[in-house]
Amino acid sequence: MPDSPGEKRNGMISGRQQVHIVAACFGGWTMDAFDFFITAFALSGIAHDFSTDLTTMTWAMSLPLATRIFGALSVGWLADNFGRKRVLAGNMIAFVLCEAGVCLAPSLSVFLLFRALFGLVMGGEWGVCTSYAMESIPPGKRGLVSGLLQSGYPAGYLLAAVLYGLIYETAGWRGMYLVSMGVALCVVILRITLPVYQTASRKDRTGTISFRQNMTGQWTLLGFAVLFMSAGATFSHATQDLYPTMLRTERGLTVHAVALVAVAYNIAAVAGCLCGGALSQRYGRRRAIVFAACAIFAVLPFWAMAADLPATMLSAVAMQFLVMCVYGVMPAYLNELAPAAIRSTFSGFVYQIGFLLTSANATVQAWLATHEGWSYSTVLAVTVGISLAIFISLMARGGETVRTAERSTI
């Protein structure tokens, strides 16, 4: 029988157990980002060791993005049918095995195979982690925990940057993956020792759960969620993926200066996640998302036109704080939108397909900048502006998911 919690806990989960669950879920999402950005930082070194070029090596970034939608569906289905705890533990064990395969990869083809397998693991993490955490805590804490969980992504990015600076020159990229594997083992232990319990709503369930059957009559909801996540993924990645390239090529910043800016805006991103999640608990999910998204418009011109280092630093910090204010609400919002029986599958699928549908944006933006004479700042600003307008128009028509009785003061 499944071991995951449902809507009614009846006092079965203590505060200490709630902290344990949130920590185990936060650790997994942090490790996913940590691994992903280790690859980004070490890309040129990996290409050199395998005697290939950077264009070929970018498959190490593209393959996980392409395969994680399959991870969201398969791992989410397993969690909805057989329980969150055991699937989360198994998923992190698979993470460790992928890291081991990468560390020992004798050739580029083997390396890319394990990167594709990593995408399945990464895709499965978000939906199961967020659903398990949201189901395990009182409704009044969901906003804050939502922001905390989502902050794992910029936290992982920040840790990867720090590790790169500390050990890359001595241990190389294999050493970085080895550290990642060791930290992931700690998360495995956290997950194996998670509490096991079962609610009345699940005790009498027989058979497997069908995503299609549970979506009957709710396909409009699925379409809405996919559209707003696609628009959200577009504007968020437009502020992140090619931004360091713009700083180096157009603003002439040194490597040290770019790294300094990246550390600053990732710290701001963590703060933004926590702030957005907390505000959503008091003022409502939709209102918090729309307010933060509208504020991005006010920052956008300064972010795109900043010339010197202080202006660049300030605008980047403000931009990532606001972007992650939006994303800090997403774990709670998507899980509260989802049909209860397929919460892991629904939220994971929506989150990952949004990114899949926008995965070619960076390639298009780079092509416009290198072949059509557009500046990077113009390309990124236009992309952010258009996708943000679509996102706000969709969210303004969306429904609220947090009830008045569940709102808390902050």
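**Exercise 1. Place Leu117 and say whether it is buried or exposed, or in between**.

Leu117 sits in helix 5, helices being DSSP runs of H or I, at least four residues long, numbered from the N terminus. This is a predicted model, where local features need pLDDT of at least 70, side-chain atom pairs count only at pLDDT 80 or more, and totals for chains, interfaces and linings use all residues. Residues are numbered from 1 along each chain as its sequence is written, and side-chain values use heavy atoms, leaving out hydrogens and water.

Next, check the cover: buried means under 20% relative accessible area, exposed over 50%, partly exposed in between (1.4 Å probe, protein chains only). Leu117 has 35% relative accessibility, so it counts as partly exposed.

**Exercise 2. Work out how enclosed helix 15 is**.

Start with the span, residues 330-337. Now count: 8 of the 8 residues are buried, so helix 15 is largely enclosed by the rest of the structure. Among them are Met330, Tyr333 and Glu336.

Then zoom in on Asn335, which belongs to this helix. Its relative accessibility is 3%, so Asn335 counts as buried. Leaving aside residues up to four places away in sequence, Asn335 touches Thr130, Ser131, Met134, Arg343 and Ser347, where contact means heavy atoms within 4.5 Å.

**Exercise 3. Find the contacts of Phe228**.

Again skip residues up to four places away in sequence. That leaves Met330, Tyr333, Leu334, Leu337, Phe391, Leu394 and Met395 as the residues Phe228 touches. Of these, Met330, Tyr333, Leu334 and Leu337 are buried residues of helix 15.

Note on methods: Helix = DSSP H or I, 4+ residues; strand = E, 2+ residues; numbered from the N terminus.
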